[in-house]
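Okay everyone, thanks for making time. I'd like to walk you through one model today, so have a look at the screen and we'll go through it piece by piece.

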Amino acid sequence: MSTQTSLTAPKGARLLHIYNIPPQAEAHVVKLAIAKAYNAAVLEYRRQRNAEQPLISVEVILHEQKDSSGRLQRKGSLLVPDYGYIFQKYVETHPVQVVFYPDWNDRTQTAAETLSFSWDRSHRVNPYKANNLLAMPWHSPALEKEHKERLDKLRHQCSVSEISFGFDHFYWNERQRKVVHRFCVEWCYKFGSTHSQAHLEFHDSINTIEIMYGNAQEYERSFIKLRYENIKFITVKNLTLIFTLYTPPILEQGPIHHDQDRQRRRLPGLDPQHERVMTFCPRKLRVTLYGQDILNQFQSMAKGVVGLPFLSPNPIIDTDDGLSNIFQVGRRKTMIKPADYLEWTGDMKMLEFNQKKLSKFPFHLAFQIAALLHNGLLNPIDVRTFCDIIDARIKSSDHSTNEIADLVAHFAEHIPTWTLDTLKKTTLEKRFQMFEEKFWGTRGNFANTLRPGWFWGYRVTITPTIMKLEGRSHEQSNGVIRRYSYASDRFLRVNFTDEERLQMRWDRDVNGEIFVEERIGGFLKRGLDIAGRHYEFLGYSSSGLREHSMWFVHPFYDHDKNLQNAETIRRYILDVKLQTSDDSKAEFKLVRQPAKFGARLAQAFSTTEPAIELQADEIERRNDIK
């Protein structure tokens, strides 16, 4: 029989009442004076006994007056986790004085008052509070003041007139005979009426800039969240903030304030069109503010307080940045062009890209080209141009499509090294040609050999907003892959992660159940399309499921011309597991027990090493011992 010991407070723990608090005093000054006196008393007591210990935290509770003047009430409370008697004896000979300004508008005159303390004998100290104070490291109350001042500087809201997502495009202009820049606006939302308002504010407690918009008369709004660490840099052009991000923003919809009864919903896009845009160009966000004073206010908060990185507008891309397509700047007034707005990521354009461009290439090459688009390495316009470049290379080159796919994969690793000067001076075709010449000159043996039990695999990472393609790379096989080794490229490993490529975590402020059902459940139920192939959910291993990793498959024909898809493969796995069973209803029972059914499937997808192969005449069957 186990015994449970209850937590007790130290004998010296006491709750003391504080009197004579100066109303004009600042809260952190009062707390700092009390904390210094308490630790001085403790240190003197320990010094007499040759004992050393770090500073101890105390809890000081002060109350402001109810007239909204910001002045303090004369009475407060103090919780000391230990040495309460020592502290009371100490302050009798070393009074605690609080310095303050009698007139807040005159900082040249100061005054001081002495605090008095009395022990509340009727109050029993909470042992958990006392022990927590003893355990936590001591922090100066001055830090509380700095934090309060920081929050006070970040309290302002910035009114927003427009939000747009899109991508940068550098192209050769025949008339100007040079490479020029254009920002292609793919999604735009304007504000200005009661039914459509937006503002930007800082939430420093979670290191986030939040843009909230919607109907001012409704309780629910849409939210765009930008974490400080995910902002690569900010450029200011006229009244527009141009955010360049490392990872896509967080999108939510729900109540203005966090509510346990009505949680927010995590979204892959703010609307159907925005969801398509976020898939391919989520890292370029433009926010236009209402006036110069609001812009100055934002810059003061972002630069002076938070310390976010800013870049000055570059004259190289200052000629046409897409802003003239949204509003009039000076004498420039340009209407929105069809190629600049809601075009390149639309359903028709993407369908045309898949059917007319990617479908010409074998899968291993089409996958590498699709990765350039999905991973944000080439924009939707450049990737179409790149398809034409690769098509010409296939027709004119002696290299196989496998070798060209390897070339494209290494070219993808080279793209992030491009500088703005590189983009300005050369076209995409010229940059690829220079890399290609260097690649073929240094590339050696193309014979990619694999050791037994491994195969060339493709991987897709799905986040709340985007889909990243990786591979081909070495993957350890399992029983299913080895059975269909001739079609190993039809199997796809899919990981579900957060935007930072970390494991998804439960957020108590967001309805995670709905998000999992809609975002992740949507892929599990409907599958996904990659490089002209449709993949459907197949199964998972136990370890993979813990990491939110699963297997998908594209239907194929086996050696006997039988169609193999997710359903037929699962039935094969189930039949193997039940071959030794004498229960004719075993399969029926297993199907009706999802947990057991999943466990049987998971065994087949666990990574294993191939065993030796035995001939029929090498196997001897014996009855089991009874």
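Let's go straight to where two helices touch: Phe-386, Ile-390, Arg-393 and Ile-394 in H9 meet Thr-401, Ile-404, Val-408 and Phe-411 in H10. Contact here means heavy atoms within 4.5 Å. Sorted by type, the residues in this H9 and H10 contact are six nonpolar, one polar and one charged. For that count, Ala, Val, Leu, Ile, Met, Phe, Trp, Tyr, Cys and Pro are nonpolar, Asp, Glu, Lys and Arg are charged, and the others, Gly among them, are polar.

Before I go on, a word on what you're looking at: this is a predicted model, where local features need pLDDT of at least 70, side-chain atom pairs count only at pLDDT 80 or more, and totals for chains, interfaces and linings use all residues. Residues are numbered from 1 along each chain as its sequence is written, and side-chain values use heavy atoms, with hydrogens and water left out.

Back to our pair. H9 covers residues 380-396 and H10 covers 401-414; they pack at about 145°, with axes 11 Å apart. Those axes are lines fitted to C-alpha atoms, for helices over the stretch in contact, and angles run from 0 to 180 degrees between N-to-C directions. The helix and strand labels come from DSSP runs (helices are H or I, at least four residues; strands are E, at least two), numbered from the N terminus.

While we're on H9: how much accessible area does Cys-387 have? Its relative accessible area is 0%, so Cys-387 is buried. Buried means under 20% relative accessible area, exposed means over 50%, and partly exposed is in between, with a 1.4 Å probe and protein chains only. Cys-158 is buried too, at 0%. And how many disulfides turn up in the whole structure? Zero, where a disulfide is a pair of cysteine sulfur atoms within 2.5 Å.

Next, the sheets. One is open, with six strands in the order S19-S18-S20-S23-S22-S21 and mixed pairing. Two strands pair if DSSP finds at least two bridges between them. S19 (467-476) and S21 (528-530) are the edge strands, each with a single partner, so one side of each has no neighbour in the sheet. From one strand to the next, the twist averages 40°.

Now zoom in on S23, residues 549-553. Why call S23 largely enclosed by the rest of the structure? Because five of its five residues are buried. Ser-549, Trp-551 and Val-553 sit on one side, with Met-550 and Phe-552 on the other, so to speak, and both faces are covered.

S23 runs antiparallel to S20 (residues 491-496), joined by five bridges, and Arg-493 stands opposite Trp-551. S22 (residues 533-539) is also antiparallel to S23, through three bridges, with Phe-537 opposite Phe-552. Helix H14 (residues 512-526) lies across S18, S20, S21, S22 and S23, at about 30° to S23.

Last stop, another open sheet: four strands, ordered S2-S3-S1-S6, with antiparallel pairing. Its twist averages 25° from one strand to the next. Three bridges join S2 to S3 (residues 76-80), and Val-60 has Leu-78 as its bridge partner in S3. Helix H2 (residues 84-93) lies across S1 (14-19), S3 and S6, at about 25° to S1.

That's my tour, so shout if you want to go back to anything.
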